[in-house]
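Visitor: I'm new to this structure and would like a close look at one part of it. Could you walk me through it slowly?

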Amino acid sequence: MSNQATKLLWAAFLFVALLVMGQLSKSEAQEEAKWLTSYCTDAAIWAAEEARGVPLNQRTGQPDYKGIAEEQCPGMKPAVPALTTQQRQMASQ
C-alpha cells in the first residue's frame with residue numbers, strides 16, 4: 001500500500017471517529033436534559049406538597065437533594081411554607 005493510501009485511510013478513520021464522538025456527545029446531552037427535566041419535576045412536586053403541609057411520609061417526588069433546583073430549573077423558586085392553623089386563625093381575626 002502506498003504512503004498516500006495509508007494517509008487517506010488514517011484520515012478516513014479519524015473522520016469516522018470524530019463523527020462517532022459527536023454522536024456520543026449529542027446522546028449524552030439529550031440524556032442529561034431528560035434527567036434534569038425529571039429532577040426538576042420531582043423537586044417541584046416535593047416543594048409544592050411541602051408548602052401545602054403534606055406529611056413527609058406521604059409526599060411524592062423528591063426533595064432537592066443536590067441543591068440545584070433554584071438555579072437549574074426554570075420557574076423554580078423556594079416554596080412559601082403553608083400557614084399553620086394558629087397563623088390562619090390569627091390572620092382571620
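Let's start with tyrosine 39: is it buried or exposed, and what is its relative accessible area?

Guide: Before anything else, keep in mind that this is a predicted model. Now to your residue: tyrosine 39 has a relative accessible area of 2%, so it is buried.

To place it, here's the overall layout. The chain has 3 helices and 0 strands, and reading along the sequence gives the pattern α-α-α. Of the 93 residues in the chain, 13% are buried, and tyrosine 39 is one of the buried ones.

Tyrosine 39 sits in helix 1, and it has a partner, tyrosine 65, in the loop between helix 1 and helix 2. These two tyrosines form an edge-to-face aromatic pair, with 5.3 Å from centre to centre and 70° between the planes. The two partners are 26 residues apart, which makes this a link between distant parts of the chain. Now for a contrast: tyrosine 65 has a relative accessible area of 51%, so it counts as exposed, whereas tyrosine 39 is buried. Let's bring in a third ring. Trp35 joins Tyr39 and Tyr65 in one aromatic cluster, and the structure holds 2 aromatic pairs.

Take one step along the sequence and you meet cysteine 40. A disulfide joins cysteine 40 to cysteine 73, with 1.9 Å from S to S. Here, too, distant parts of the chain are linked: cysteine 40 is in helix 1 and cysteine 73 is in the loop between helix 2 and helix 3, 33 residues apart. If the word is new to you, a disulfide is a covalent bond between the sulfur atoms of two cysteines. The link is left-handed, with -80° about the S-S bond, and the count of disulfides comes to 1. Cysteine 40 has a relative accessibility of 12%, so it counts as buried. Cysteine 73 is also buried, at 5% relative accessibility.

Let's go further along helix 1, which spans residues 3-52, and see what it meets in the loop that follows. Threonine 60 lies in the loop between helix 1 and helix 2. With a relative accessible area of 42%, threonine 60 is partly exposed. Its C-alpha atom is 6.8 Å from that of isoleucine 45, although the two are 15 residues apart along the chain. Leaving out residues up to four places away in sequence, threonine 60 touches Ile45, Trp46 and Glu49.

Right beside it in the numbering is arginine 59, found in that loop between helix 1 and helix 2. Arginine 59 is buried but has no salt bridge; the nearest side chain of opposite charge belongs to glutamate 50, 4.2 Å away. A salt bridge has to be within 4 Å, so that 4.2 Å separation falls outside the cut-off. The side chain of arginine 59 does reach the backbone oxygen of valine 54, at 2.9 Å. Its contacts, with close sequence neighbours up to four places away left out, are Trp46, Glu49, Glu50 and Val54.

Glutamate 49 makes a good last stop. It belongs to helix 1. Like arginine 59, which is buried without a salt bridge, glutamate 49 is buried and has none. For glutamate 49, the nearest side chain of opposite charge is arginine 52, at 4.3 Å. Beyond residues up to four places away in sequence, glutamate 49 touches Val54, Gln58, Arg59 and Thr60.

To finish, step back to the whole chain. Among contacts with a separation of 6 or more, 53% are between residues 24 or more positions apart. The tyrosine pair you started from, 26 residues apart, links distant parts of the chain, and so does the disulfide, with its cysteines 33 residues apart.

Key: Residues are numbered from 1 along each chain as its sequence is written. This is a predicted model: local features need pLDDT of at least 70, side-chain atom pairs count only at pLDDT 80 or more; totals for chains, interfaces and linings use all residues. Side-chain values use heavy atoms; hydrogens and water are left out. Helices (H or I, at least four residues) and strands (E, at least two) are DSSP runs, numbered from the N terminus. Buried means under 20% relative accessible area, exposed over 50%, partly exposed in between (1.4 Å probe, protein chains only). Lys and Arg count as positive and Asp and Glu as negative; His and the chain ends are not counted. A polar contact is a pair of N or O atoms within 3.5 Å; within protein, one must be able to donate a hydrogen and the other to accept it, and residues adjacent in sequence count only if both atoms are side-chain atoms. Contact means heavy atoms within 4.5 Å. A disulfide is a pair of cysteine sulfur atoms within 2.5 Å. Rings of Phe, Tyr and Trp (its six-membered ring) pair if their centres lie within 6.5 Å; planes under 30 degrees apart count as stacked, over 60 as edge-to-face and the rest as tilted.
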